[in-house]
Amino acid sequence: MRAGLLSAIATCALAAGTARAACDEPERRQFDFWLGDWQVDGAQGPAGRNRIESIEAGCALLEHWRGATGGSGTSLNVYDPVARRWLQTWVDRDGTVLRLAGGWNGSAMVLEGMLPDAASGAQLAGHFHWIKVRKDRGEFCRHRIGRFHQRRATIVHRLRVEPQG
């Protein structure tokens with residue numbers, strides 16, 4: 001009985017070690033530059049704050065957006081090793097759901113998906129680019145509709161929206 005219990009514990013420990021190692025693969029680290037607490041500024045001044053944290057033993061990133069005018073939203077970001085791409089699911093306090101997919105292209109994290117246009121109800125194609133620009137000064141810049149995130153590494157995030165016809 002004791003030998004069987006020890007064998008079961010060892011098997012569980014090995015399985016847990018394998019699961020942890022799977023989340024240490026290099027592809028899962030491609031978005032780690034986004035981790036941190038960000039001050040977000042737009043053309044008209046402060047736009048809000050964005051906090052990105054690693055969750056589930058490094059297997060996913062969780063975004064917490066708080067807008068300066070009261071808006072908020074959250075995204076879950078995960079690398080899917082089967083599909084070999086990054087997935088993001090965003091939801092905000094207005095019920096907007098956005099699903100993006102893509103990956104690291106060698107110089108930028110590029111995620112794409114359909115954006116619902118609140119005014120018309122049409123679906124618009126969104127292209128998000130997170131680009132490392134400078135890492136020596138410890139600043140971050142993420143551009144999304146004129147918004148800039150600043151922290152320890154400079155990254156540019158651009159959004160391009162195109163109508164689908």
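## Asp-92 and its surroundings

Skip the sequence neighbours within four places, and Asp-92 is in contact with Ser-72 and Gly-73. This is a predicted model, and it puts Asp-92 in strand β5.

Is Asp-92 buried or exposed? Its relative accessible area is 19%, and the cut-off for buried is under 20%, so Asp-92 counts as buried. There's a polar partner to look at as well: a polar atom of the Asp-92 side chain lies 2.9 Å from the backbone nitrogen of Asp-94.

## The main nonpolar core

Nonpolar side chains tend to be buried together in soluble globular proteins. Here, the largest nonpolar core has 19 residues, and the members touching the most others are Phe-31, Trp-34, Met-109, Leu-111 and Trp-130. Plenty of strands chip in: β1 (36-42), β2 (45-55), β3 (60-67), β5 (85-92), β6 (97-104), β7 (108-116) and β8 (123-134) each give at least two residues to this core. The largest share, 3 residues, comes from β7.

Phe-31 is worth a click. Beyond its neighbours within four places in sequence, Phe-31 is in contact with Leu-61, Asn-77, Trp-86, Met-109, Leu-111 and Trp-130.

## The chain as a whole

Zooming out, the protein chain has 1 helix and 10 strands. The helix leads in the sequence pattern, which reads α-β-β-β-β-β-β-β-β-β-β.

Of the 165 residues in the chain, 33% are buried. Take the contacts with a separation of 6 or more, and 33% of them join residues 24 or more positions apart. As for the outside, the accessible surface comes to about 9,800 Å², with 55% belonging to carbon and sulfur atoms.

Conventions: Residues numbered from 1 in each chain as written. Predicted model: local features only at pLDDT ≥ 70, side-chain atom pairs only at ≥ 80, totals over all residues. Heavy atoms only, no water. Core = buried A, V, L, I, M, F, W, Y, C linked by side-chain atoms within 4.5 Å. Buried < 20%, exposed > 50% of the residue type's maximum accessible area, 1.4 Å probe, protein only. Helix = DSSP H or I, 4+ residues; strand = E, 2+ residues; numbered from the N terminus. Contact = heavy atoms within 4.5 Å. Polar contact = N/O pair within 3.5 Å; in protein donor to acceptor, adjacent residues only side chain to side chain. Areas by Shrake-Rupley, 256 points an atom, 1.4 Å probe, with all protein chains shown as cover.
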